[in-house]
Amino acid sequence: MATVLDSVTYPHGLDPSDDLRRGNTARLRWRTGFDRWIGYLLPLLFLVALVPIADLVWYIGKTALPTLTFTVISSQNSFQSYNALGVPLISTFYILGLATVIAVAFGLFGGIATAEFLSESAAGWVRMSANLLAGMPSVIVGYFGYFAFVLYFGWGYAIIAGAFTLGFFMTPYIFRTADLAFSSIPRPIREAAYGSGARPVQYILRVGAPIAFPQILTGVFLAMAIGLGETAPIILTVATNVAVPTNLSQGATYLTYLIWTGFQFGPHSVELTLAFEAAFLIVVVVIALNIVVRVIAARFRRRLEGLYQ
Amino acid sequence: MTANAIPEGSGEAPVVQVRSLTVQAKAKKAPKKILDNVGMDFAPRSLTAVIGASGCGKTTFVRTLNRMVELTPGLTVSGQVLYLGQDIYSRSINPVLVRRRIGMVFQRPTVFPMSVFENAAFGLRLLHESDNEIDSAVQEALTRSGLWDEVKDDLDRSAFSLSGGQQQRLCIARALAVRPKVLLMDEPTSALDPMATQRVEATMRRLKEEIVLILVTHNVGQAARVSDRVAFLHQGRLVETGPTAEILERPREELTQQFVTGRFT
């Protein structure tokens, strides 16, 4: 039976069914195969990077878990002679909480202002400064806090001095996510809000905030994870206190302080035991924060599916 | 060629008057003119289609009519846009208020991540209207935009669950809810399929009995189907404007003739 195709002539006199086969040269076949193997190799390399992390968590867990009981976590005895973590845990909670409040205040307002209100060139300078601050070694931020808060403001070694120092250190991370979250809201959505007669603050609160919220929350939690692991800014501004502080102008002990000092003592000392236990708790909290971030981000991503792309 | 501002037949004063409007973009050497000395009037209860090729400045033109153009950095506007005789670019005028009187609908649906009801109520919430007022205004706006019958059973569902055409009519309802006197539509059907386009066009034909509609389109057929007047822009200049039938069938200018017959180069 004659079909329409029979009446069609092809260029170069090729049989149409042959055209695709001839194009598949040895060179093209080799390249296609190479691409596939690279595709297998990259996840493998990721697994290689995972090994040291897994080993680290396993080793810390193995060392810390046998001695880490609920009594240890809740005991408010002096950690200088007992295996007791209550004091540094509560102190860490105070310092990190206050530092987060400070960092969110500066980072959120700064990030939103940069994304929404500043001119292109001014925003560029602010972003550069934030990146500079984020790249600053924490010990330098610690020295800044020591000279500014402990000495110049005369606060001495105090929770308030440490919270401000740590807060400044955490600010650029929150700033960057707030800035990015608001900058990446689709322009038509932004214009639709302004086109409906929204004032800038109304746009930010009613349209921008719900869209940017998951990303900003991610930034806050990651900044907390980073802040939890910091040592230098704390040692230089809060130093230590064997008891739970009763007001903000007293010194306190951060969990990382135990790790920092613990390794100066012998292998069977109470200090080294505390160091491993503190390290284990920090690792657990950091992992938990990251999981929470993922869950929140996934939940909100589903809600925002269908947003103007 | 300057403005040929012929008032419409109704004899009523125009709602929007554009006077020697020029928009310039900051450029490395000389500033580039996006709109060059455009002038025209928009009568009450009319639909004017602004047509022209891509890049002729028609989108910029409608964006100057409610000061949305100011959200694009690097553009300077000169000339006048009079809304009920008041220059909207005068120093004492708040652009936020201008946009509440002169609404806007965009190329692709721009629904917000909230319910159908909250999308339609958005402009009213900005004005802190009472719940009763919002309820009735939302129903009225959804009815006027032709969406009410399709969404009335579940106003609380996410606006993202609507089809593209429904989303666009929701955007029209959102703009109508604050009862603007002028509605600007920037290629509102360019992302929609023919069926959805028909329904949006039906909405436009209904609305032009009540308010001033200004429609940007590159689709001459659409201009023929819905508009009373046509303004043809070419490279930032207003080539000619007049009643739709006249412009599409017997244009005075050679350029217009070429564009409407599809022989444009």
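**Figure 1. The six-stranded sheet of chain B in the predicted model.** Chain B contains an open sheet of six strands in the order E6-E7-E8-E3-E9-E10, with mixed pairing. Strands E6 and E10 of chain B occupy the edges, and each has a single partner strand, so one side of each is left without a neighbour in the sheet. On average, neighbouring strands of this sheet are turned by 15° against each other, direction ignored. In general, the strands of a sheet pair through backbone hydrogen bonds, in either a parallel or an antiparallel manner.

**Figure 2. The E6-E7 end of the six-stranded sheet, with helix H6 of chain B.** Strand E6(B) and strand E7 (residues 182-186) of chain B run parallel and are joined by four bridges. Met104(B) has Leu184(B) in E7(B) as its bridge partner. Helix H6(B) packs on the sheet, where it touches E6 and E7 of chain B. The direction of H6(B) makes about 170° with that of E6(B).

**Figure 3. The hairpin of E9(B) and E10(B).** Strand E9 (residues 229-234) of chain B is joined to strand E10 (residues 237-243) of chain B by six bridges, and the two strands run antiparallel. Phe232(B) is paired with Glu240(B), its bridge partner in E10(B). Two residues lie between the strands of this hairpin, in which Gln235(B) takes a positive phi near 50°. Strand E10 of chain B is also an edge strand of the six-stranded sheet, with a single partner strand.

**Figure 4. The four-stranded sheet of chain B.** Four strands of chain B form an open sheet in the order E2-E1-E4-E5, with antiparallel pairing. At the edges stand strand E2 (32-42) and strand E5 (86-87) of chain B; each has a single partner strand, so one side of each is left without a neighbour in the sheet. Strand E1 (residues 16-25) and strand E4 (residues 75-83) of chain B run antiparallel and are joined by eight bridges. Gln17(B) stands opposite Leu82(B) in E4(B).

**Figure 5. The crossing of helices H3(B) and H4(B).** The axes of H3(B) and helix H4 (residues 131-144) of chain B come within 9 Å and cross at roughly 110°. The two helices H3(B) and H4(B) are therefore roughly perpendicular to each other. The crossing of H3(B) past H4(B) is right-handed. From H3(B), the contact is made by Phe117(B), Ala120(B), Ala121(B) and Leu124(B); from H4(B), by Ile134(B), Ala137(B), Val138(B), Ala141(B) and Leu142(B). The contact of H3(B) with H4(B) comprises nine nonpolar residues, no polar residues and no charged residues.

**Figure 6. The contact between chain B and chain A.** Chain B contributes 20 residues to the contact and chain A contributes 21 residues. On the side of chain B that touches chain A, at least two residues each are supplied by helix H2 (95-101), strand E6 (102-105), helix H3 (116-126) and helix H6 (164-176) of chain B. By class, the residues on this side of chain B are 13 nonpolar, three polar and four charged.

**Figure 7. Packing of helix H7(A) against H5(A) and H4(A).** Helix H5 (residues 120-135) of chain A packs with helix H7 (residues 159-183) of chain A at an angle of about 140°, and their axes are 9 Å apart. The crossing of H5(A) past H7(A) is left-handed. In this contact, Arg127(A), Ala130(A), Leu133(A) and Ala134(A) of H5(A) meet Pro172(A), Tyr173(A), Phe175(A), Arg176(A) and Asp179(A) of H7(A). The residues of the contact of H5(A) with H7(A) are six nonpolar, no polar and three charged. Helix H4 (residues 86-116) of chain A packs with H7(A) at an angle of about 35°, with their axes 5 Å apart. H4(A) passes H7(A) in a right-handed crossing, and the residues of their contact divide into 20 nonpolar, nine polar and two charged.

**Figure 8. Overall dimensions of chains A and B.** Chain A has twelve helices and zero strands. A compact globule of 309 residues would have a radius of gyration near 19 Å, whereas chain A has 28 Å. The C-alpha atoms of chain A fill a box of roughly 95 × 60 × 30 Å along the principal axes. Chain B has ten helices and ten strands. For chain B, the radius of gyration of 18 Å agrees with the value near 18 Å for a compact globule of 265 residues. The C-alpha trace of chain B spans about 55 × 40 × 40 Å along its principal axes.

Key
Residues numbered from 1 in each chain as written. Chains lettered and ligands numbered in written order. Predicted model: local features only at pLDDT ≥ 70, side-chain atom pairs only at ≥ 80, totals over all residues. Axes fitted to C-alpha atoms, helices over the stretch in contact; angles between N-to-C directions. Left-handed = near helix turned anticlockwise from the far one by under 90°. Contact = placed C-beta atoms within 7 Å. Nonpolar A, V, L, I, M, F, W, Y, C, P; charged D, E, K, R; others polar. Parallel < 35°, antiparallel > 145°, perpendicular 65-115°, else oblique. Pairing = 2+ DSSP bridges. Rg over C-alpha atoms; globule rule 2.2 N^0.38 Å.
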